[in-house]
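Colleague: Got a minute to walk me through this model? I'd like the sheets, the helix packing and the pockets.

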Amino acid sequence: MPTSDTPMSPAARAIGDGRTSLGIELGSTRIKLCLVGEHPGDVLAVGSHEWENRFEDRTWTYSLDDVWSGLQAAYADLVADTRRRHDLEPQSFGAIGVSAMMHGYLAFDDAGELLVPFRTWRNTSTGRASAELTERFGLNIPLRWSIAHLHQAVLDAESHVPELDFVTTLAGYVHWRLTGRKAIGVGDASGMFPIDPATNDYDGRLLAVYDDLVAERAPGLRVAELLPEVLVAGQEAGRLTDAGAALLDPSGALQGGAPLCPPEGDAGTGMVATNAVAPRTGNVSAGTSIFAMVVLERPLEHVHHELDLVTTPAGDPVAMVHCNNGASELAAWAGVFSRFAELTGARSDGDAVFEALFFEALEGEADAGGVIAYNHLAGEPIAGLDEGRPLIVRSPDSRLTLANLMRAQLYGVYGTLALGMRVLAGEGVELDRMYAHGGIFRTAGVAQRLLAGALDAPVAVGETASEGGAWGIAVLASYLTAPAGTGLVDYLRDEVFADAGFSTIDPDPADVAGFAAYLDRYRSGLAIEVAAVSSL
């Protein structure tokens with residue numbers, strides 16, 4: 001603690017009085033915590049821990065032991081950062097929020113024991129279930145949705161199905177362990193089972209359709225009894241228990257009692273972090289996966305396998321283009337060039353390598369000189385791939401230069417996303433602006449400019465772009481204290497982003513034409529990907 005004769009800053013007083021909000025996000029490669037002040041735009045401290053999914057028995061998974069050891073490490077890092085910046089350690093918070101990767105399948109019995117390893121969003125083994133549910137429900141049920149995983153387990157007559165008591169997402173699981181309450185935010189819930197926009201709850205008609213569908217295969221299964229309670233942004237979703245506090249902070253310094261907002265998925269927190277929750281706005285979140293969220297003014301006319309129908313954290317309808325593969329392959333190539341730099345004696349840190357390669361990409365030809373990059377490390381449903389095979393493809397007359405290679409790699413991050421966004425444009429959906437966030441946007445003006453060209457729409461990046469979903473869920477936690485009747489759109493506009501700075505880049509016509517040519521080759525070359533999956 002600061003000495004008695006040292007004046008405390010407003011930030012330190014807020015931390016000492018427990019008037020802060022803590023955001024927790026479990027991302028694909030990093031667990032991150034973000035502490036904000038009474039004004040949620042003020043980031044007071046951060047903490048993080050690197051982790052990786054595992055591919056075990058042909059399933060992408062994380063162990064629950066890694067969840068808690070990672071959370072404890074990230075929390076300890078946050079405490080250390082708070083001590084460095086403010087000369088004190090937090091002992092309580094005004095509010096807490098939990099966010100994590102959407103979708104997937106965490107299944108528990110009535111004793112709270114995990115029945116099968118966590119099946120993440122990255123798995124594409126639910127094809128039969130997805131197809132059958134899409135036909136019966138009359139709307140697209142993606143492979144990664146929780147109900148698709150559950151139904152595939154039913155179709156496969158997995159032994160754990162009769163023991164099921166509770167099914168949830170990763171954010172819902174962590175929230176449950178911290179509060180004892182089986183609740184979930186409506187945005188995350190919309191990746192578990194279809195939501196009725198009139199009630200902001202699971203669609204009652206489709207719940208009955210599903211129970212009837214599995215009546216013979218799984219007698220007694222009632223899907224509504226397995227799913228967590230649905231809440232919308234601004235509703236309290238429980239309080240941190242003493243046991244939950246000890247899970248986060250084994251030192252015992254953290255006190256229980258803080259209210260928690262509804263747990264949300266990374267899609268919802270990305271929308272909040274970019275102020276993209278109003279109709280005609282959208283956002284792109286780029287990390288291990290990449291996805292776009294567009295808030296709809298009206299329902300879509302047709303069912304498209306490229307588009308998910310989900311919601312904002314407030315329950316407004318959203319069309320989502322979700323791609324399983326994002327910037328991981330790009331990062332791998334950056335690692336190759338970083339090692340080359342080391343061998344020549346020109347050591348550079350990671351950010352410097354990315355910056356040099358990104359700016360080199362701007363020197364490339366608008367269509368990447370005929371070079372095509374496929375970033376498919378995992379299966380990609382939009383591209384029709386059950387498994388991934390990252391590839392660099394070019395014709396003999398292509399021009400392989402570093403600039404073209406790096407432009408192709410950045411275009412490759414956006415390739416499958418652009419296929420889905422073309423479908424959305426075909427529905428007549430219009431955007432005033434697309435907001436972007438994620439680590440690849442830290443290098444100012446490069447990934448942002450090329451995304452504007454890929455989408456043929458203005459792209460804005462805010463000052464909090466690299467903080468991402470951990471900050472977004474901290475904002476949702478802060479929203480618990482908003483005056484009654486304040487809508488989320490108004491809260492973000494007037495309280496959070498009123499003075500926020502955004503850098504906006506309009507699409508360059510040359511980039512638009514160049515990416516369109518690239519995408520034509522990319523689409524045609526997907527046959528190479530299919531062949532690679534079948535032979536490698």
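**Sheets, helices and pockets**

Modeller: Let's begin with one residue pair: Met293 stands opposite Met320 in β17. Keep in mind that this is a predicted model.

Colleague: Which strand joins β17 there, and over how many bridges?

Modeller: Strand β15, residues 290–295, is joined to β17 by six bridges. The two strands run antiparallel.

Colleague: What packs on that sheet?

Modeller: Helix α13 does, touching β14, β15, β17 and β20 (433–437). The direction of α13 makes about 25° with that of β15.

Colleague: What's the strand order in the sheet?

Modeller: The order is β16-β17-β15-β14-β20-β21-β22. That is an open sheet of seven strands, and the pairing is mixed.

Colleague: And which strands are at the edges?

Modeller: β16 and β22 (502–505) are the edge strands, and each pairs on one side only. On average, neighbouring strands of this sheet are turned by 30° against each other, direction ignored.

Colleague: Back to α13. At what angle does it pack with α14?

Modeller: At about 35°, with the axes 9 Å apart. Here α13 covers residues 402–426 and α14 covers residues 447–455. The crossing of α13 past α14 is right-handed.

Colleague: Which residues meet?

Modeller: From α13, they include Leu410, Tyr411, Tyr414, Leu417 and Met421. From α14, they include Ala447, Leu450, Leu451, Ala454 and Leu455. Arginines take part too: Arg407 and Arg422 in α13, and Arg449 in α14.

Colleague: How does that contact split by class?

Modeller: The contact of α13 with α14 has 10 nonpolar, no polar and three charged residues.

Colleague: New topic: the five strands that form an open sheet. What's their order?

Modeller: β3-β2-β1-β6-β13, with mixed pairing. The edge strands are β3 (43–50) and β13 (264–265).

Colleague: In which sense do β1 and β6 pair?

Modeller: In the parallel sense, over six bridges. Strand β1 covers residues 21–26 and strand β6 covers residues 95–100. Ile24 stands opposite Val98 in β6.

Colleague: Which strands does α5 touch?

Modeller: Helix α5 (residues 170–179) packs on the sheet and touches β1, β6 and β13. Its direction makes about 145° with that of β6.

Colleague: And where does α15 lie?

Modeller: Helix α15 (residues 468–478) lies across β1, β2 (30–36), β3, β6 and β13. It runs at about 140° to β1.

Colleague: On to pockets. How much space lies in the largest pocket?

Modeller: About 930 Å³. It is lined by 36 residues, and those closest to its centre are Thr29, Arg30, Ala286, Gly287 and Gly439.

Colleague: Which element gives the largest share of that lining?

Modeller: α12 does, with four residues. Each of β2, β14 (281–286), α11 (328–343), α12 (350–361) and α15 supplies at least two residues.

Colleague: What's the class mix in the lining of the largest pocket?

Modeller: 12 nonpolar, 15 polar and nine charged residues.

Colleague: And the second largest pocket, how much space lies there?

Modeller: About 510 Å³. It has 26 lining residues, and Leu139, Ile195, Pro197, Leu309 and Pro317 lie nearest its centre. β10 (195–196), β16 (308–311) and β17 (317–323) are the elements that give two or more residues to this lining.

Colleague: Which of them gives the largest share?

Modeller: β16, with three residues. By class, the lining of the second largest pocket has 14 nonpolar, seven polar and five charged residues.

Terms used: Residues are numbered from 1 along each chain as its sequence is written. This is a predicted model: local features need pLDDT of at least 70, side-chain atom pairs count only at pLDDT 80 or more; totals for chains, interfaces and linings use all residues. Side-chain values use heavy atoms; hydrogens and water are left out. Two strands pair if DSSP finds at least two bridges between them. Contact means heavy atoms within 4.5 Å. Axes are lines fitted to C-alpha atoms, for helices over the stretch in contact, and angles run from 0 to 180 degrees between N-to-C directions. On a 1 Å grid over the protein atoms alone, a cavity is a set of points where a 1.4 Å probe fits but cannot get out, and a pocket is an open set with protein on both sides within 12 Å along at least five of seven lines; lining residues have an atom within 4 Å of a point. Grid points are joined across faces, edges and corners, and a volume is the space filled by probe spheres set on the points. Ala, Val, Leu, Ile, Met, Phe, Trp, Tyr, Cys and Pro count as nonpolar, Asp, Glu, Lys and Arg as charged, and the others, Gly among them, as polar. A crossing is left-handed if the near helix is turned anticlockwise from the far one by less than a right angle, and right-handed if clockwise.
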